[in-house]
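Let's take a walk through this chain together, from its overall layout down to a few individual residues. Keep the viewer open as you read.

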Amino acid sequence: MATQADPLSGSDAELIALGKQFGVFHRSVHMFYQRLRFDPPLERAAYTLLVRVADRPARLSVLAEDMALDLSTVSRQVAALEAAGLATRTPDPTDRRASVIAPTPLGQEVFTRNRAIWVNAMRELLADWTPDEATEFKRLLTRLNETINARYGGTDPADRCPRVEEEKP
């Protein structure tokens, strides 16, 4: 294992540089979403949940699993969408004890309008990229997300941080 006094090997330096780019990407995406002018204004978490239920209405447990969030977190977000008139709960036809979360007509309208805002922002953001660059970036980002989800996914916090073996000298 490298110590502070040891010079970094080339591969370690590349991994550290990539890790720094993860941080930059995280902050950049946050900034990107903050500057979108959604109508009505929606927090990123609310918009993400609205996108998910507009695509496929689902039970709270399914939403929590899909979004890798705790059930109580998703429940609070759904309650906020319901209070805004954007989502509704209906009895699950397969199990009347459970509910299916779906957008209301207003929620579907808000989703459609905000999706257009988001698509236009993405179009402007990638305006100087070639189609091949955008396709390759999408492929690599998808692969990275799939790898992260396979290794760190799930809704149980204990499952999110597998132990990493330290290098032996």
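**A guided tour of the fold**

What you have here is a predicted model, in which local features need pLDDT of at least 70 and side-chain atom pairs count only at pLDDT 80 or more, while totals for chains, interfaces and linings use all residues. Residues are numbered from 1 along each chain as its sequence is written, and side-chain values use heavy atoms, with hydrogens and water left out.

Start with the whole chain. It has six helices and three strands, and from the N terminus on they run α-α-β-α-α-β-β-α-α. Helices (H or I, at least four residues) and strands (E, at least two) are DSSP runs, numbered from the N terminus. Of the 169 residues, 21% count as buried; buried means under 20% relative accessible area, exposed over 50%, and partly exposed in between, with a 1.4 Å probe and protein chains only. The chain exposes about 12300 Å², and carbon and sulfur atoms supply 58% of that area.

Now look at the loop between α1 (10–35) and α2 (44–55), where P40 is found. A cis peptide bond joins D39 and P40, with omega about 0°. Beyond this loop comes α2 itself: twelve residues that reach 16 Å from first C-alpha to last, close to the 16 Å expected at 1.5 Å a residue. That expected span is 1.5 Å times one less than the number of residues. Among the buried residues of α2 are Y47, L50 and V53.

Another backbone feature sits in the loop between α3 (60–67) and α4 (71–83), which holds A68. A68 has a positive phi of about 55° although it is not a glycine, and at 28% relative accessibility it counts as partly exposed.

Is T104 buried or exposed? With a relative accessible area of 15%, T104 is buried, and it is found in the loop between β3 (95–103) and α5 (105–125). A polar atom of its side chain lies 2.6 Å from the backbone oxygen of G85. Leaving aside neighbours within four places in sequence, T104 is in contact (heavy atoms within 4.5 Å) with G85, L86, A87 and T88.

Finally, turn to the surface. L15, L18, F22, L144, I148 and Y152 form a nonpolar patch with about 510 Å² of accessible area together. Both α1 and α6 (131–152) supply at least two residues each to this patch. One of its members, L144, is found in helix α6 and counts as partly exposed at 32% relative accessibility. Patches like this are made of residues with over 30% relative accessible area and no salt bridge, with nonpolar side chains (Val, Leu, Ile, Met, Phe, Trp, Tyr) joined within 5 Å and like charges within 9 Å. A salt bridge is a side-chain nitrogen of Lys or Arg within 4 Å of a carboxyl oxygen of Asp or Glu, and accessible areas come from the Shrake-Rupley method with a 1.4 Å probe.

Terms used
A polar contact is a pair of N or O atoms within 3.5 Å; within protein, one must be able to donate a hydrogen and the other to accept it, and residues adjacent in sequence count only if both atoms are side-chain atoms.
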